[in-house]
Structure formats: C-alpha cells, structure tokens
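Morning, everyone. Please have the sequence and the 3D view open. I will keep this short.

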Amino acid sequence: MANQKLKKATPTMQKYQQFAKAREPARPILRNLTVAFVVGGLICVLGQAIQDLFIHVFGFSQKDAGNPTVAVLIALTAMATGLGVFDKFARWAGAGTAVPVTGFANSMVSAAMEYRTEGFVLGVAGNMFKLAGSVIVWGVVSAFFIALIRTLLVIGR
Amino acid sequence: MLVGYQSWAFPKNPMILSTAVIGGPMEGRGPLADDFDLLHSDLRMQQKSWEQAERMLLDETCAKAIEKAGLSKDNITFFIAGDLMNQIISSSFAARTLSMPYLGIFGACSTSMEGLALASLMIDADSALYVMTGTVSHNAAAEKHYRYPTEYGAQKPPTAQWTVTAGGAAIIAANDGSGNHPVVTRATVGRVVDMGLTDPFNMGAAMAPAAFDTLVSHFRDFDLPYDYYDLIITGDLGKVGHRILLDLCEQHDVPIPRDRFADAGMMVYGDIPDVWSGGSGCGCSASVAYGYVQRRLREGSLKRVLMVATGALLSPISYQQKDTIPCIAHAAAMERIEGSQSS
C-alpha cells in the first residue's frame, strides 16, 4: 500500500515528503523500549506477587490462581482508568502498560466510559469493544490457526 | 474586491468591533492565559457530554462577544461559524440558541480565518450591519471524534498535537471612522494542497505546504513588501510544521524575516511538554487571533498582523481508508489604522 502511494506521488510530492521527514523529531525509540521493558516487567512481577498471594494465603493451586490474578489486575486497571490516572501513566509507559492485560482492560473501560453519554445500549454496549474488538477477533482467529497446525502435527505424528 | 488571483481587499476597512475568547483548563496553564476572557477549570464544564461542553463553549463565547460589543443578539445580521464535529453540530446548535440567520462553514482548523474573511467581505459589500463569526474546538470531543477515548492510554509520537479547548468569536461592523478598533484589510482564500502525507499524528508537516502556498499567494496578489507585516502568525503548524514552513520559505527564496513568524500552535501552550509539537484545532488559531492579536492591536504594540490559519481536511474515515491528508490555509490581515476614515 505504502509503495503504491509512493509510486502515485509526483516527484514534487516525494521531494517534499523527504524534506518534511528530515525535519521531524525522531521518536525516542530507545527510551520507549527501555521504559516499556521495565514497566511491563514490573507489572508481571506484580501479577506474580498476586498469584503467590492466592497460592500461599488463599490455598489456590498454581493453575487455579491464574484467573483471579488476571481479574485483580483488570480491576486495578479499571479503577485507575475510572479515576483518570491510567492514561497519564500509560502515556509515559507506552507498550509497558499496553501489552499486558492492563492495556486490554484500559481499552474496554475507557471506551465504555467515553460512550456512556450515548446511553447503555447504543453507547456503552455498542462501543465497548471498539478498540478491544480487534484484539479479540484476531486473537481468536490466530488461536484457531495455531490450534489447527498443532492438531495436524499431532495427527501427522 | 478581488485582487490578483485569489484575494480580497477590503477598501472600506471593516472593523472588528469586539472579540471574545474562552478557554479550558490546559489553556489557563499556557502563556496566553491572560488573553482569554474566561477560563474554565473543568474540562466537562458541568455538561453531560464533551460535545455539549463544546457547544456550550461556543454559546458562551458568542454571548461574550455580543456583550463586549454593547449589542444585543437581534442586532447581528448574520452568524458564520464552523467546528470539527461531524455535521458541524456545535456551530449549528449554537446558531439555534442565538436564532440568527446562519451560515455554517467547515475549514477544519482554518475555520476562524475563513469566517473572518467572509464576514469582512459581507460588511465591505454593505450586505450586512453586523456579522458575527465564531469557531470552537474541545480537546476531549476531538480526541473522541478523531482519535481514542479520552481515558485510553496511548503513547503519541513527538509530532502529535494537542487540540485546544477554546471558543473564539468576533463581530465585524462597518468602519465608523473612529480608529478605535482594529480593521480587516485583506484576505486570501487558500487552495487545497495535498503533498501525500498520511500520518494523522503529524499534521504540522501535512499543513505546512498549504500555509506556504497561501502565504506566497497573498504577497503575490497584493504585491506587498515581504516585511510589511509586524507579525505573520500561522495556524496550528506546531513546532514541526513551523520549522518546515521556515525552511520552505528559505528554499523558495521568500525573504520574509524569520523573526516576523510565529505559530499559534506554539504560542498557545509555550513550553508545556504534554502537548508534543504544540496546539491544534479550530480554537487554536481563533484564540490567538481573537485574544492575543486583538489585545496587542488595541494596545498598539502590534500594527499589522497576517493570520494564516491552516486546516487539515481529513476525517476519521478517510485516514482509516489510507487516504492522504488534504490541507488548506486561509489568510486574513488585521491592522490598526489610527483615525482611519472609511472611504
């Protein structure tokens, strides 16, 4: 697509695009990656701590402790989103908060809050998955194909 | 009166009778806070939705402009307004409240100068007694409409811009010869320029060529010396677009002195780091033109100002469909002419 566009662009346009590109501040990639790595890692540490809490204090098995752990992280994110602090933190942390389940929870809660003004049915329900929907759809689709490949490999063996 | 290819001269010097600018919390933190008539500390402005807040902001701004002009709303012949929402609802709903004969316009962030040029044209042609022109933008309403839900945490690139929460309105009237008010002397209507850029988080670079095109056309049509204006303020190019525009001028040998350039997107927030490249939105150029510039023209610290408001004419659908961003810029010259007589 991008290549097609470039082919269609006149030489003047291409020249300007290069001209403008040279004057754009670069994205602070190294900084973003470092912060994302550290914050994402810390969220995982927090998740691990919650899981250990469920295992050692509430007597869950390691397998069973997974679901309540995720639920706690989602609840924490939902609260932080509702209080209006999550977006500020996420703007700083970038992929560090977007990749773990916190990013998914934030995308749903923020959309639900934003469209509350359009009512519960057309607003909240209709738009809640506006951002999260793509994650669910492509998550399910890729899970299907991975499962299909695994099944074929198992049969082939 | 048509001058050159795409410009209007206003020989009767229609005057800016009054202006009003009302902003939100973020604008209060910026260096232009004193130039606002009123600043809201609550982004929601006690309304039920962001859209209603934006609408209320325009209502309020228009009421303030009418009050400052010492008029009542029955005196206004026409109301020209535009905004960034779908079907320009903020403007149309404000026109409903005002119940004035109304023309809705859309020029994205260039709406302020599009409105001012049209209003001045009407007054100069004796086609109206008083014309009010206004525009508005609201940060959260624009985020919701063009980008993500306001509470969604997303990291934006340094080329992104922060939509200004502000309404700006001006009332234009025939020159009374007193010289007490700034006048609108010229306007240049811009062409749509599209250099094939597609990134909605880098509108400064997309809009800079449109600003350059209008600027060059303005000086060509009127054959003005390049140092005629004390200040040339471009719409909301931000740091990125401003730098590109200056370099474009240099590259194409347009010898406008560099220190005469300013950009509304950079002025409105100064050094606040949260706004990335600077401010944007209809309210950005409107608040600078009707707040900062008006105040300085009235004080006398500025005499001739050319405002080149730039707009990116994209929609959320067009960029999702990978279309490029068409851009436009409209210019209007505001001057202080001492003891000016209407000819």
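**A buried serine in chain B**

Start with one short distance: the side chain of B:Ser137 has a polar atom 2.6 Å from the backbone oxygen of B:Val164. A word of caution: this is a predicted model. Now find B:Ser137 in strand E7 of chain B, residues 130-137. Is B:Ser137 buried or exposed? Buried, because its relative accessibility is 1%, and the cut-off for buried is under 20%. Its contacts beyond four places in sequence include B:Glu54, B:Leu57 and B:Leu84. B:Thr163, B:Val164, B:Thr165 and B:Ala166 are also among them. So are B:Gly281, B:Cys282, B:Gly283 and B:Cys284.

**Salt bridges**

Next, charges. Side chains of opposite charge can pair when their charged atoms come close. How many salt bridges are there over all chains? The search finds 19.

Take B:Asp126 and B:Lys12. Their closest N and O atoms are 2.6 Å apart. This salt bridge joins distant parts of the chain, 114 residues apart. B:Asp126 sits in the loop between helix H4 (111-124) and E7 of chain B. B:Lys12 sits in the loop between strands E2 (7-9) and E3 (15-23). B:Asp126 is exposed, at 55% relative accessible area. B:Lys12 is partly exposed, at 30%.

Now B:Glu335 and B:Arg186. This salt bridge also has its closest N and O atoms 2.6 Å apart. The partners are 149 residues apart, with B:Glu335 in strand E15 (residues 327-335) and B:Arg186 in strand E10 (residues 183-188) of chain B. Both B:Glu335 and B:Arg186 are buried.

One more pair: B:Glu250 and B:Arg258, at 3.2 Å between closest N and O atoms. B:Glu250 is exposed, at 53% relative accessibility. B:Arg258 is partly exposed, at 42%. The two belong to a network of salt bridges with B:Asp247 and A:Arg23.

**Where the chains meet**

That network brings in chain A, so to speak of the interface next is natural. The contact takes 36 residues from chain B and 35 residues from chain A. The size of an interface is often given as the accessible area lost when the parts come together. Here the buried area is about 2900 Å², with 61% given by carbon and sulfur atoms.

How many salt bridges are there between chain B and chain A? The count is 2. A:Glu118 and B:Lys144 form a salt bridge through their side chains, at 2.9 Å from N to O. Across the interface there are also 15 residue pairs in polar contact. On chain B's side, the elements giving two or more residues are helices H5 (139-146), H6 (203-222) and H7 (238-251). H7(B) gives the largest share, 6 residues. By class, that side has 18 nonpolar, 9 polar and 9 charged residues.

**A helix with two sides**

Over to chain A. Look at helix H8, residues 120-127. A:Gly123, A:Val124 and A:Asn127 are buried there. Why do they lie on the same side of H8(A)? Because they cover an arc of only 105 degrees around the axis. On the other side, A:Phe120, A:Val121, A:Leu122 and A:Gly126 are exposed. The buried residues of H8(A) pack against helix H7 (101-114) of chain A.

Last stop: A:Ala65, in the loop between helices H3 (29-56) and H4 (66-82) of chain A. A:Ala65 counts as buried because its relative accessibility is 0%. Beyond four places in sequence, A:Ala65 is in contact with A:Gln51, A:Phe54, A:Ile55 and A:Phe60. Its C-alpha atom is 30 Å from that of A:Val124.

Technical notes:
Residues numbered from 1 in each chain as written. Chains lettered and ligands numbered in written order. Predicted model: local features only at pLDDT ≥ 70, side-chain atom pairs only at ≥ 80, totals over all residues. Heavy atoms only, no water. Contact = heavy atoms within 4.5 Å. Buried area = accessible area lost by both parts, 1.4 Å probe. Salt bridge = Lys/Arg side-chain N within 4 Å of Asp/Glu carboxyl O. Polar contact = N/O pair within 3.5 Å; in protein donor to acceptor, adjacent residues only side chain to side chain. Helix = DSSP H or I, 4+ residues; strand = E, 2+ residues; numbered from the N terminus. Nonpolar A, V, L, I, M, F, W, Y, C, P; charged D, E, K, R; others polar. Buried < 20%, exposed > 50% of the residue type's maximum accessible area, 1.4 Å probe, protein only. Arc of directions from axis to C-beta.
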